[in-house]
Amino acid sequence: MYAQMVKSTGQAVRTRDDMTVEERAFQDRIDRGEKIEPKDWMPEGYRKNLIRQIGQHAHSEIVGQLPEGNWITRAPTLERKANLLAKVQDEAGHGLYLYCAAETLGVSRDELFDMLHTGKMKYSSIFNYPTLTWADMGAVGWLVDGAAIMNQVPLQRTSYGPYARAMVRICKEESFHQRQGFQVMLTMARGTKDQKRMAQDALNRFWYPALMMFGPSDKESVHSAQSMAWKIKMNTNDELRQKFVDETVPQAEFLGLSVPDEKLTWNEETEHYDYSEPDWSEFFDVISGNGPCNAERLKTRKKAWDDGAWVREAMLAHARKSRARREAAE
Ligand code: 3HC
């Protein structure tokens, strides 16, 4: 079974009239902009929705190491190799902060990994696409980390304290990743004819998958309304996608590359770019487990988990022995 096979379950937004006294008091705290902390009372739906979103986010960081890890041994210079190594390491750190944030909601790390491995939890669609050339390392940093920042900067103000605080450091590091990706693209776009062609090819392949990262269109989004009422999400999927297009198109122009969208035009009236929607049937196919790399990504993650079993067992045995020694001494 593939990860991402689980179907979305829609959430009806609760009106004030439907709420219990406790739920109303909770919603008032959210509306006042207060942070919710792990020991505070929270509706079960809020807790579950946060575990789903934070867990999916954590898995995305960990699975997201794989397409880039693929290029560490083939980076063109020592400096590029060191940068890529540091970036991939940062992603592991992001995964760990996020797993810790999810654990404060009463789910264990083992349960979260089990849900990833058995297909009960998703990870970002983007990491089911292959990285075929070195230029893809530029496109991933520029577009994928760029899209991630667009989505995650507002999450620094999310209502759940541990999630909001984890996001502060993550966003700083993602900004650095986005810049190093842009710098790789700039070098290639200003390099030889072949290097520029590779940069354009990477942009062509990653543009629409990057747009899909923001999730389905607002009318198809199952969770947005309730998540926004609870400030688990601060913007809709389409709002953030539009912001990403508006900021990224001038960057592509600066690179001298073309965004692969014939309909892309600046709209004087709305002061936004009009752009073509991604192929949503492809998106739903990818999140159902049928993307180009889903099976490979999951197989690699499961192998890493199985290979690490002896480390987890050794740590537990060490903790047991230390406790026994401490108790014997007391
Ligand atoms: N990939 C996989 N699944 C996706 C998806 C995507 N890009 N976008 C939406 N989905 C899934 C949802 O999880 C949901 O399925 P579920 O009910 O089984 O969980 C379904 O599609 C319907 O979508 P909704 O719009 O209703 O879902 P959300 O309200 O959760 O919105 C989201 C999706 C915008 C991705 C939101 O969850 C979010 O903001 N998450 C936090 C950020 C995050 O997870 N980012 C991952 C990016 S990668 C990254 O950060 C790594 C870095 O190194 C680049």
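In which helix does Thr 248 lie?

**View 1. Thr 248 and its contact with the backbone of Phe 244.** In this predicted model, Thr 248 is found in helix α10. Its relative accessible area is 4%, which is under the 20% limit, so the residue counts as buried. A polar atom of the Thr 248 side chain is placed 2.6 Å from the backbone oxygen of Phe 244.

**View 2. Residues around the ligand.** The ligand is surrounded by 35 residues, of which Gln 56, Lys 122, Ser 221, His 223 and Lys 233 come nearest. By residue class, this shell divides into 14 nonpolar, 14 polar and seven charged residues. Helices α2 (44–63), α6 (135–152), α7 (161–189) and α11 (280–290) each contribute at least two residues to the shell, and the largest share, six residues, is supplied by α2.

**View 3. Polar contacts to oxygen atoms of the ligand, from Arg 52, Glu 61 and Val 222.** From the side chain of Arg 52, a polar atom lies 2.9 Å from an oxygen atom of the ligand, and a polar side-chain atom of Glu 61 is found 3.3 Å from an oxygen atom of the ligand. In the case of Val 222 the contact is made through the backbone, a polar atom of which is 2.7 Å from a ligand oxygen. The ligand on its own has 1000 Å² of accessible area, and the protein covers 96% of that area.

**View 4. The aromatic pair of Tyr 46 and Trp 230.** The count of aromatic pairs in the model comes to 13. In the pair shown here, the ring centres of Tyr 46 and Trp 230 are 5.7 Å apart and the ring planes stand at 90 degrees, so the arrangement is edge-to-face. Because Tyr 46 belongs to helix α2 whereas Trp 230 lies in the loop between α9 (224–229) and α10 (237–255), the pair ties together parts that are 184 residues apart in sequence. Tyr 46 has a relative accessibility of 0% and therefore counts as buried, and Trp 230, with a relative accessible area of 8%, is buried as well. Through ring pairs, Tyr 46 and Trp 230 are linked with Phe 26 and Trp 41 into a cluster.

**View 5. Arginine side chains over tryptophan rings.** The charged end of Arg 74 sits over the ring of Trp 71, at 4.0 Å from the centre of that ring. For Arg 312, the ring concerned is that of Trp 305: the arginine lies over its face, 3.5 Å from the ring centre.

**View 6. Lys 231 and Glu 271, two residues with positive phi.** Most residues other than glycine have a negative phi. Lys 231, located in the loop between α9 and α10, has a positive phi, near 55 degrees; at 24% relative accessibility, this lysine counts as partly exposed. Glu 271 is placed in the loop between β1 (265–267) and β2 (272–274), where its phi, near 60 degrees, is likewise positive. With a relative accessible area of 55%, which is over the 50% limit, Glu 271 is classed as exposed.

Technical notes: Residues numbered from 1 in each chain as written. Predicted model: local features only at pLDDT ≥ 70, side-chain atom pairs only at ≥ 80, totals over all residues. Heavy atoms only, no water. Near = heavy atom within 4 Å. Polar contact = N/O pair within 3.5 Å; in protein donor to acceptor, adjacent residues only side chain to side chain. Areas by Shrake-Rupley, 256 points an atom, 1.4 Å probe, with all protein chains shown as cover. Helix = DSSP H or I, 4+ residues; strand = E, 2+ residues; numbered from the N terminus. Nonpolar A, V, L, I, M, F, W, Y, C, P; charged D, E, K, R; others polar. Phe/Tyr/Trp six-rings, centres within 6.5 Å; stacked < 30°, edge-to-face > 60°. Buried < 20%, exposed > 50% of the residue type's maximum accessible area, 1.4 Å probe, protein only. Lys NZ or Arg CZ within 6 Å of the ring centre and 35° of its normal.
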